[in-house]
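User: Could you take a close look at one part of this model for me? I would like to understand how the domains of a single chain sit against each other.

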Amino acid sequence: MSNSSVEHKEFLRKKRKEKIIVISFQILILLVFICGWELLARYELINTFLLSSPSLVINTLVNLFTDNDLFTHIGITLYETVVSFLIVTVLSLLISTLLWFSKRLARILDPYLTVLNSLPKVALGPLIIIWVGASTNSIIFMALLISLFLSIINVYHNFKETDSNYITLLRSLGANKLQIFMKAVIPSNISNIINNLKINVSMCYIGVIMGELLVSKKGLGYLIMYGTQVFNIDLVIASVIVLGILAFLFYYLICLLEKFIQKKTVN
Amino acid sequence: MKNNILEITHLSKNYQDNDGEIEAIKDINLKIGEGEFIVIVGPSGCGKSTLLSILANLDKKSGGDLKYYKKDIKVGYMLQKDSLFPWLNILDNCLLGLKIKGKVTEEDKEYVLKLLDMYGLSEFKNKFPNSLSGGMRQRVALIRTLATKPDILLLDEPFSALDAMTRVMLADDVYKMVKDLGKTAIMVTHDIGEAVSIASKVVVLTERPCVVKKVYDINYDNRSTPFNNRKEKEFNYYYEKIWRDLDVKL
């Protein structure tokens, strides 16, 4: 706006200032942490064999990269996460839809879903290895087990909590159940569904790493496991840092999707 | 004497739950003439909204009979909350009922556009509901109901979510819309002033399980808009009577 008043400019200036302060402090905390860690390691105040140091971690990452291993491991973890995420998202939407259409089915399955959701799925890890074998598939299966039930319960709950006024309105206009679902339940739950995607992606990620820790030949989880077994703490910490970067990327991608969908629904 | 459009005889409604049966409506007999503006008042929880949802086909009656004197009668139902879909623009919200019934013809669309234009909403047709005031939203909700060209309009406390000034003004608008289009309307309210100012007939119900306690034909020497009717001498007369019928106790 060209004709913004002095007050408005002041408001924008303050807002910008606040943002700069927040970002500066965020960077500062990171720098202090890394520098402090490095200094403690340099002056041998901490044991780098146990606690590593930033320069050692960077060295490890560079070595991994030059050996062409880094992206193979990232690729495997990424692949497993994306595949399980897609399967969970599609399955949970389908099953929640089914449950919404049949209250009876929902009532019948309720105790099973609750138990399966609260069961610590890691306990099933060894069984999965026996059943599915020690492969990428078993890791994807693990991720599915961990995320699917939670996702179904969440989405179904959202569907069920659709504003009853919308439904009464559509019924008074003579809508059938499919029309109610398409015209009120889905559109009013778009933001809930996207939120659920965020949960799905992090749960799948947890599941994949857990699976890789249990059994794998490649992937970031494998690197961590391997690093611990040979007492290569540099490798473990390097892998954890890559995990963190990936987690941020996943979150960022879903946020982009969210913005895209919001733009589309508004137009 | 006007032609009857609907006759309700011995209508009753019970709700079932684990503890037994709750009788909501005991026995309602009512004749509704074409073009009438019926307002139903009664103590809160007496079953007046239940009566409307039975007429709107949202609830099943337990007994009695509804007789329509017109083939393929269409009923339009307007809820307390406007329930406009925030993800649809005003025009699409208004076309919702038609879309559900099937495809929207050009003629339908023109009719809706004409209604929007008549009530000063045409400039908002591409806007979304959150940019409209409460009164405007409720007018859009009424147009959405009218879009399907119902013969009978059922209004369930349509003004109760609005502030005092807006409700009085909106009552005028609704009255005008209903009269302009020659619709029959059945409205439920707990506001006696609103009832007496807008109705051609006020039906007073008893406490639950309800029966019809009294029916008043509301006659004004100078009938005008609901807002102006409030200033007529008859207004206070009916108001007093209905107040006493309802026997409000705290």
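Analyst: Happy to! Let's look at chain B, where the C-alpha centres of domain 1 and domain 2 lie 25 Å apart. Please keep in mind that this is a predicted model. The place where the two domains of chain B touch draws on 11 residues from domain 1 and eight residues from domain 2. On the domain 1 side, the biggest contributor is helix α6 of chain B (residues 164-180), which supplies six residues. By character, that side of domain 1 of chain B is made up of nine nonpolar residues, one polar and one charged.

It helps to see how the domains are laid out along the sequence. Domain 1 of chain B is assigned in two pieces, 4-73 and 151-246, while domain 2 of chain B covers 84-148.

Now for the chain around this contact. Chain B holds nine helices and nine strands, and its C-alpha trace spans about 45 × 45 × 40 Å along the principal axes. Its radius of gyration is 18 Å, which agrees with a compact globule, because a globule of 250 residues would be expected to come out near 18 Å. Of those 250 residues in chain B, 39% count as buried. Looking at contacts in chain B between residues with a separation of 6 or more, 74% join residues 24 or more positions apart.

For a side glance at the other chain, chain A is also assigned two domains, domain 1 (6-46) and domain 2 (58-266). The C-alpha centres of those two domains of chain A lie 33 Å apart.

Notes: Residues are numbered from 1 along each chain as its sequence is written. Chains are lettered from A and ligands numbered from 1 in the order in which they are written. This is a predicted model: local features need pLDDT of at least 70, side-chain atom pairs count only at pLDDT 80 or more; totals for chains, interfaces and linings use all residues. Domain bounds come from an automatic or database domain assignment. Helices (H or I, at least four residues) and strands (E, at least two) are DSSP runs, numbered from the N terminus. The radius of gyration is taken over C-alpha atoms; the globule rule is 2.2 Å times the number of residues to the power 0.38. A residue is buried if 20 or more other C-beta atoms lie within 10 Å of its own, exposed if 12 or fewer, and partly exposed in between; C-beta atoms are placed from the backbone. Two residues are in contact if their C-beta atoms, placed from the backbone, lie within 7 Å. Ala, Val, Leu, Ile, Met, Phe, Trp, Tyr, Cys and Pro count as nonpolar, Asp, Glu, Lys and Arg as charged, and the others, Gly among them, as polar.
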